[in-house]
Structures are given as C-alpha cells and as structure tokens.
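Ready for a few hands-on exercises? Open the viewer, try each task yourself, then read the solution.

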Amino acid sequence: EVQLVESGGDIVQAGGSLRLSCTGSGFTFSYYDMTWVRQAPGKGPEWVSSIASGGGRTSYSDSVKGRFTISRDNTKNILFLDLNSLKPEDTALYHCARGGRWVAMPSGDWGPGTQVTVSS
C-alpha cells in the first residue's frame, strides 16, 4: 500500500521560512518522480513543484519559482520542500504526491497534507 506522510507545516509570518518533509513507503521511492501540490481553502489543487526520480531535474510553478526549493533523499525515502520569502497567498494545505506533474494532477496518490498558514 502506498503511503505518503507530510510534516513541517506551521503558522509563520510573511517573509518567513519553513521546510516541509514527506516520507514515502509501500513503493520503491527512488523509482518515481515526486511532486508537491497545494490546495487553498475554497480553491482547486495547484501544482507547486516536481522533481525527477534521481533528483537531477526540478520544475516549479511561476508563483513559487525563486522562493521554493524541492529536493529528495532517496536513501531515506524523503521528499523536501523548502519555502522561503513566504507570502499570505502561500497559505494552503500542502500535499506530496507520487509521480510527476501530469501523473499527480489533478488526482493521484497524495498524502493527507500539512497545513501552512502565512500571516501578514
């Protein structure tokens, strides 16, 4: 059974930083591209970032490019998302997902999410 569990969400002030983590199990983590998706209250899911299975290729939405960094540790089956220069509009439930952008969206194997709230 595929399991994805996110952690690291918190309440932070605008301009602050957070590191989100996602631990994967039940599948061979290093074989899969991985993705972060977020969903703000009352809105549909939004693709944030993806990383290739080996970690050598990354991609970002325009809304987070230059502020967020995706990475992974295949020895520990962990996916990361470093969030910097946070803005109130980054407030959302952040999910990690198995697969690249077009596999993970609009729905796929997602974790339950970790809440990020950015106050102004």
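**Before you start**

You're looking at a predicted model, where local features need pLDDT of at least 70, side-chain atom pairs count only at pLDDT 80 or more, and totals for chains, interfaces and linings use all residues. Residues are numbered from 1 along each chain as its sequence is written, and side-chain values use heavy atoms, with hydrogens and water left out.

**Exercise 1. Find the strand order of the open four-stranded sheet, and its edge strands.**

Step 1. Settle the terms. Strands (E, at least two residues) and helices (H or I, at least four) are DSSP runs numbered from the N terminus. Two strands pair if DSSP finds at least two bridges between them.

Step 2. Read off the order: β1-β3-β8-β7, with antiparallel pairing.

Step 3. Pick out the edges. They are β1 (3–7) and β7 (68–73), each of which pairs on one side only.

Step 4. Check the pairings at both ends. β1 is joined to β3 (residues 18–25) by five bridges, and Leu4 faces Gly24 there. At the other end, six bridges hold β7 to β8 (residues 78–83), with Asp73 opposite Ile78.

**Exercise 2. Which side chains of β1 are buried?**

Step 1. Here's the scale: buried is under 20% relative accessible area, exposed is over 50%, and partly exposed is in between (1.4 Å probe, protein chains only).

Step 2. Walk along the strand. Leu4 and Glu6 point to one face and are buried, while Gln3, Val5 and Ser7 point to the other and are not.

Step 3. Recall the general pattern: in a regular strand the side chains alternate between the two faces of the sheet.

**Exercise 3. Track down the disulfide and say what it ties together.**

Step 1. Search for pairs of cysteine sulfur atoms within 2.5 Å, the cut-off for a disulfide. The whole structure gives one.

Step 2. Name the partners: Cys22 and Cys96, with 1.9 Å from S to S. The link is right-handed, with 45° about the S-S bond.

Step 3. Place them. Cys22 is in β3 and Cys96 in β9 (residues 92–98), so the link ties together parts 74 residues apart in sequence.

Step 4. Check burial. Cys22 is buried at 0% relative accessible area, and Cys96 counts as buried at 0% too.

**Exercise 4. Which residues make up the salt-bridge network?**

Step 1. Apply the rule: a side-chain nitrogen of Lys or Arg within 4 Å of a carboxyl oxygen of Asp or Glu. That gives six salt bridges.

Step 2. Start with Asp90 and Arg38, which meet at 2.9 Å, N to O. Asp90 is in the loop between β8 and β9, and Arg38 is in β4 (residues 34–39), 52 residues apart.

Step 3. Now look at Asp90 again: Arg67 also meets its side chain, at 2.7 Å, N to O. Arg67 is in the loop between β6 (58–60) and β7, 23 residues from Asp90. Both Arg67 and Asp90 are buried, and Arg38 is buried as well.

Step 4. Put it together: salt bridges with shared partners join Arg38, Glu46, Arg67 and Asp90 into one network.

**Exercise 5. Describe the aromatic cluster and the charge over Tyr32.**

Step 1. Rings of Phe, Tyr and Trp (its six-membered ring) pair if their centres lie within 6.5 Å; planes under 30 degrees apart are stacked, over 60 edge-to-face, and the rest tilted. There are two such pairs in the whole structure.

Step 2. Take Phe27 with Phe29. Their centres are 6.1 Å apart and their planes at 45°, so this pair is tilted.

Step 3. Take Phe27 with Tyr32. This pair is edge-to-face, at 5.4 Å centre to centre and 85° between the planes.

Step 4. Join them up: the ring pairs link Phe27, Phe29 and Tyr32 into a cluster. Phe27 and Phe29 are buried, whereas Tyr32 is partly exposed at 30% relative accessibility.

Step 5. Look for a charge over a ring, meaning NZ of Lys or CZ of Arg within 6 Å of the ring centre and within 35 degrees of the ring normal. Arg98 lies over the face of Tyr32, 4.5 Å from the ring centre.
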